[in-house]
Amino acid sequence: MTFSTADRDAMARALALAEQGLATTTPNPRVGCVIVRNGANVGEGWHRKAGEPHAEILALAAAGEAARGATAYVTLEPCAHFGRTPPCFEALIAAGVSRVVAAMEDPNPKVAGRGLERLRAAGITAECGLLADEAHELNIGFVSRMTRNRPWLRLKVAATLDGKTALENGVSQWITGTEARADGHRWRARACAILTGIGTVKADDPQLTVRDHPCERQPLRILLDPLLEVSPAARILQGAPALIVTAADNARARQLTESGHRVLTLPAQDGRIDLPALMRELAALELNEIHGEAGATLNGALLAAGYVDELLLYLAPMVVGNAARGMFDLPALTALDAAVRFEVRECRQVGGDLRVVVRRG
């Protein structure tokens, strides 16, 4: 299918609009829409929050009568089912648009091509595949949840050049500089939830909130605590309710529930939470992107289980030696063929540190 330069420009604008919902749309996908008639942008919109109008509805409202005979560029196939709002394909038909161009099909099984089919059945030209990679990237967590029944898991690690996250005595503040730490908060903001383990809470007592970046919606904080060892005074329990995942079912669990937190009890083996069960539960909670900030034990367990999709690494230009603590607690390997391999997606300087983003191949 061939698209014109004007088509590409309009879809690029729709993607830019969709990105404005990066930190707010969860659990919905990030979607933007542009209405073009006779070469002019006559209406645009982006989905801001679940329960509020979808991008197509806002763009059509802005266009008004000018939408009749126009082309609608939308970053995700118009929905074809009743959710929190009515299906968007009906609004596009009612507005009289003559053509709809979608960046990608909706991976939601409730849609999955049906929106485009309904438009074609109504006599509207419906095309798909323009800037599809960019649209997929924008909603990589939503796609993961819909197609794999688990969220996209990104682990953030701050380390030295020799891969150490803390000194042997546990001191880790601060390995990276202020710019890198602020940049990490920007990545936190886009996530649906921030995941950590009880070891990190005991050692560092983190808040795990977004503070150094504008954010109107704080991500859910998730603590893996198999034995419910978390202190009532822990900062992760202050403020908004947290989700505590445990294998214990005792008075402490009831106390946490009474304090407003959610306690999820899952099976455990050798003192570790059943990770496949955890991923299924997180998907059931409609969490698209999980941002992990944990220690070597949990990082290693998630990596060994195959659940780490992406690593967000901040590397400080320093070396602290072999005795310091590493990123991943993994069994010793006897051959490099057994190593977990990643593909480099990005490498750039942030302040005085280096940010490296890698993904599973």
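The following paragraphs describe the overall dimensions, the two sheets and several individual residues of a predicted protein model.

In this predicted model, local features are considered only where pLDDT is at least 70 and side-chain atom pairs only at pLDDT 80 or more, whereas totals for chains, interfaces and linings use all residues. Residues are numbered from 1 along each chain as its sequence is written, and side-chain values use heavy atoms, with hydrogens and water left out.

The protein chain contains 11 helices and 18 strands, these elements being DSSP runs numbered from the N terminus (H or I over at least four residues for helices, E over at least two for strands). For 361 residues, a compact globule would be expected to have a radius of gyration near 21 Å, and the 23 Å computed for the protein chain agrees with this; the radius is taken over C-alpha atoms, and the globule rule is 2.2 Å times the number of residues to the power 0.38. Along the principal axes, the C-alpha atoms occupy a box of roughly 70 × 45 × 40 Å. Of the 361 residues, 50% are buried, where buried means under 20% relative accessible area, exposed means over 50% and partly exposed lies in between (1.4 Å probe, protein chains only). Among contacts (heavy atoms within 4.5 Å) between residues at least 6 apart in sequence, 69% join residues at least 24 apart.

One open sheet is built from 9 strands with mixed pairing, in the order β11-β10-β9-β8-β14-β6-β15-β18-β17, two strands being regarded as paired if DSSP finds at least two bridges between them. Its edge strands, each of which pairs on one side only, are β11 (262-265) and β17 (342-350), and the twist from one strand to the next averages 20°. Such angles run from 0 to 180 degrees between N-to-C directions, with axes being lines fitted to C-alpha atoms, for helices over the stretch in contact. In general, the strands of a sheet pair through backbone hydrogen bonds, either parallel or antiparallel.

Within this sheet, strand β6 (residues 152-160) runs parallel to strand β15 (residues 310-316), to which 7 bridges join it, and alanine 159 is placed opposite leucine 315 of β15. Strand β6 is also parallel to β14, here over 4 bridges, with leucine 153 opposite isoleucine 290. Strand β14 pairs in the parallel sense with β8 as well, over 3 bridges, and isoleucine 290 is the bridge partner of alanine 193. Along β14, Glu289 and His291 point one way while Ile290 and Gly292 point the other way, and all are buried. Helix α7 (residues 178-190) packs on the sheet and touches β6, β8 (193-197), β14 (289-292), β15, β17 and β18 (353-360), its direction making about 165° with that of β15. Helix α11 (residues 296-304) lies across strands including β9 (220-224) and runs at about 135° to β6.

A further open sheet comprises 5 strands, again with mixed pairing, in the order β2-β1-β3-β4-β5. Its edges are formed by β2 and β5 (125-128), each pairing on one side only, and the twist averages 15° from one strand to the next. Strands β3 (residues 71-74) and β4 (residues 99-102) run parallel and are joined by 4 bridges, threonine 71 standing opposite arginine 99. Helix α1 (residues 5-19) lies across β1 (32-37), β2, β3 and β4 at about 145° to β1, whereas helix α4 (residues 114-121) lies across β4 and β5 at about 155° to β5.

Histidine 47 is situated in the loop between β2 (40-46) and α2 (55-63) and, at 3% relative accessibility, is buried. Its side chain makes a polar contact of 3.0 Å with the side chain of asparagine 28, a polar contact being a pair of N or O atoms within 3.5 Å, of which, within protein, one must be able to donate a hydrogen and the other to accept it, while residues adjacent in sequence count only if both atoms are side-chain atoms. By contrast, threonine 2, in the segment before α1, is exposed, with a relative accessible area of 74%.

The count of disulfides (pairs of cysteine sulfur atoms within 2.5 Å) is 0. The sulfur of cysteine 215 is 11 Å from the closest cysteine sulfur, that of cysteine 192, which is too far for a bond. Cysteine 192 is buried at 5% relative accessible area, whereas cysteine 215 is partly exposed at 23%.
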